[in-house]
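This report addresses how two chains are arranged in one model. The sequence and structure are shown first, and the account then turns to the pairing of strands between the chains.

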Amino acid sequence: MYPAPAVTALIDQQFVPVRVHIKENPTAWKRFGIRWTPTVMALTPDGKEVRRVEGYLPEDEFLGQLYLDLGYACANQKDWKNAQHWFDEASKLENTDAAPEGLYWEGVARYSATHDHTLLRQITETFKKRYTNTSWAKRTIVWQK
Amino acid sequence: MATAAKEIVWQHDVDAAIAESARTHRPVLLDFTAAPQ
């Protein structure tokens, strides 16, 4: 995952990266309840877990997960503008699991910034055409009423 | 001439990284590994 230039550049520019080897720091493994390897976890600047990815992912999938990490980290701080940007980046990786999740949350970030209810219906309409069989599409059904 | 991809400079102290994260407003990325050293 890490030799990929796009992944390396994103981590270098946007995160504070820490490698925790089980032999060097078993206490940290216990502290964060690690149950499988690799586990990659994002924390907010105040040390709270944003989310974790367990298991190996190929480059594009992992890149998408990193974009989602950044989006959720911004959303946790109600920084909707930057959240929207990072979720949008995830949504552009069309053949990844991150894309529909990014598309859904990009819409949520836009809605959260404006409270414009018409945006939710727009998201629903988008999911009628794309990623129709994903759980993210199903989550938008409630907004079409 | 092709340039080499930049390598990630991994830190190893979780709490120091969280303190840096608070200063820089960049999230921490923890990579838990058991790969042979």
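## Strand pairing between the chains

In this predicted model, T39(A) lies opposite F32(B), a residue of strand 1 of chain B. The wider setting of this position is an antiparallel pairing, in which strand 2 of chain A and strand 1 (residues 28-33) of chain B are joined by five bridges.

## The side of chain A that touches chain B

Contacts between the chains involve 36 residues of chain A and 25 residues of chain B. On the chain A side, at least two residues each come from helix 1 (5-14), strand 1 (16-21), helix 2 (26-31), strand 2 (39-43) and helix 3 (59-76). Strand 2 of chain A, which pairs with strand 1 of chain B, is thus one of several elements that supply this side.

By residue class, the side of chain A that touches chain B consists of 24 nonpolar, seven polar and five charged residues.

## Architecture of chain A

Chain A contains seven helices and three strands. Their order along the sequence is α-β-α-β-β-α-α-α-α-α.

The C-alpha trace of chain A extends over about 55 × 30 × 25 Å along its principal axes. Of the 145 residues in chain A, 39% are buried. Among contacts in chain A with a separation of 6 or more, 43% are between residues 24 or more positions apart.

Key: Residues are numbered from 1 along each chain as its sequence is written. Chains are lettered from A and ligands numbered from 1 in the order in which they are written. This is a predicted model: local features need pLDDT of at least 70, side-chain atom pairs count only at pLDDT 80 or more; totals for chains, interfaces and linings use all residues. Helices (H or I, at least four residues) and strands (E, at least two) are DSSP runs, numbered from the N terminus. A residue is buried if 20 or more other C-beta atoms lie within 10 Å of its own, exposed if 12 or fewer, and partly exposed in between; C-beta atoms are placed from the backbone. Two residues are in contact if their C-beta atoms, placed from the backbone, lie within 7 Å. Ala, Val, Leu, Ile, Met, Phe, Trp, Tyr, Cys and Pro count as nonpolar, Asp, Glu, Lys and Arg as charged, and the others, Gly among them, as polar. Two strands pair if DSSP finds at least two bridges between them.
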